[in-house]
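User: Could you take a close look at one part of this protein for me? I would like to see how a single helix sits in its surroundings, and what it lends to any open space beside it.

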Amino acid sequence: MAPQVYPAEGYDNFLEFLFEKDVPEELATPTIVRRSSVRSLCSEVNVPKSPDELLELYDGREDKLIKNLSKLKVQQEANAELIHDIRILIAETGCVKPADEMLASYHGREEILLKNLQKLKKKQEHDAAVIDEIKELVVECGIPKSADEMLASYAGREEALLVNMKKLKAKNDKEKEVMDEINALMDKTNIPKVSYFYVFCGGVVVIVLFGGRGMLV
């Protein structure tokens, strides 16, 4: 009967021990291989108990221990990826609290923290888009106040400001369209442009001709 081979102290991986010592792998019993797998998994995951304590606790049930440790390893790897994403979002959203402090507050609830940060980032991106659109409209509408002044006046009400700016832009566009039509008509009738002026009155364009005459268009 072939002698049983046990890994020397300091070797967590039994197969590594066999390879380095040039020992035939068939000399290892299934139990020894399982116990070696336990030691390997324990070195990869964070568990409060030592491999020897776990092996003593699960004596004869090493397969179950390996299964539990494997699940824990998968869970920890997924959690590490989750924490990585959280740290990135904390930096991108400019949170006041440092990442470690927020992770400590949400220990065991990291998925909730991730969802909250994703919502915050989405809101920040939306708010930034609203502000950019407002700034463009302030220029297009020829507002005498600067965009920063307008935004300061509507702090916390940027959505309302955007709605008002869009209405003003639509009104200006409509007036320009009407004026272009009027100018085209005046060109056709050969009326000198210096002999009239026009104003908007209650939504109606009033053209006033020099000489006291006027007409509505």
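What follows is a walk along helix 4, from its start to the residue just after it, with the pocket it helps to line.

Analyst: Happy to! Please keep in mind that this is a predicted model. A little context comes before the close-up. The protein has eight helices and three strands, and from the N terminus on the elements run α-α-α-α-α-α-α-α-β-β-β. Of its 217 residues, 24% are buried. The exposed surface comes to about 15100 Å², and carbon and sulfur atoms supply 55% of that area. Among contacts with a separation of 6 or more, 43% join residues 24 or more positions apart.

Now to the helix itself. Helix 4 covers residues 62–93. Its 32 residues should span 46 Å at 1.5 Å a residue, and its end C-alpha atoms are 46 Å apart, so the two values agree. Helix 8, residues 158–189, gives a similar picture: it also has 32 residues, and it reaches 46 Å from its first C-alpha to its last, close to the 46 Å expected.

Which residues of helix 4 are buried? They are Glu62, Leu65, Ile66, Leu69, Leu82, Ile86, Leu89, Ile90 and Thr93. As background for reading that list, an α-helix has 3.6 residues a turn, so residues three or four places apart point the same way. For helix 8, the buried set is Leu161, Leu162, Met165, Val178, Met179, Ile182 and Met186.

Glu62 deserves a pause. This residue is found in helix 4, and its relative accessible area is 4%, under the 20% cut-off, so Glu62 counts as buried. Leaving aside neighbours within four places in sequence, Glu62 is in contact with Thr31, Arg34, Arg35, Val38 and Leu55.

Leu65, another of the buried residues of helix 4, offers a second link across the sequence. Ser37 lies 28 residues from Leu65 in sequence, while their C-alpha atoms are 9.8 Å apart in space. Ser37 has its place in helix 2, residues 30–44. With a relative accessible area of 29%, Ser37 is partly exposed.

Further along comes the largest pocket, with a volume of about 240 Å³. Gln75, Gln76, Ala78, Asn79, Leu82, Ile83, His107, Gly108, Arg109, Glu110 and Glu111 line this pocket. Helix 4 gives the largest share of the lining, six residues. Helix 6, residues 110–140, also supplies at least two. By character, the lining divides into three nonpolar, five polar and three charged residues. Leu82 is worth marking, being part of the lining and also on the buried list of helix 4.

On the other helix, Glu111 is one to look at. This residue is found in helix 6, and its relative accessible area of 58% is over the 50% cut-off, so Glu111 counts as exposed. Glu111 and Asn79 are 32 residues apart in sequence and 9.0 Å apart in space, C-alpha to C-alpha. Both of these residues belong to the lining of the largest pocket.

The walk ends at Gly94. Just after helix 4, this glycine takes a positive phi of about 65 degrees.

Methods
Residues numbered from 1 in each chain as written. Predicted model: local features only at pLDDT ≥ 70, side-chain atom pairs only at ≥ 80, totals over all residues. Heavy atoms only, no water. Helix = DSSP H or I, 4+ residues; strand = E, 2+ residues; numbered from the N terminus. Expected span 1.5 Å × (residues − 1). Buried < 20%, exposed > 50% of the residue type's maximum accessible area, 1.4 Å probe, protein only. 1 Å grid on protein atoms, 1.4 Å probe; cavity = no way out; pocket = protein on both sides within 12 Å on 5 of 7 lines; lining within 4 Å. Points joined across faces, edges and corners; volume = space filled by probe spheres on them. Nonpolar A, V, L, I, M, F, W, Y, C, P; charged D, E, K, R; others polar. Contact = heavy atoms within 4.5 Å. Areas by Shrake-Rupley, 256 points an atom, 1.4 Å probe, with all protein chains shown as cover.
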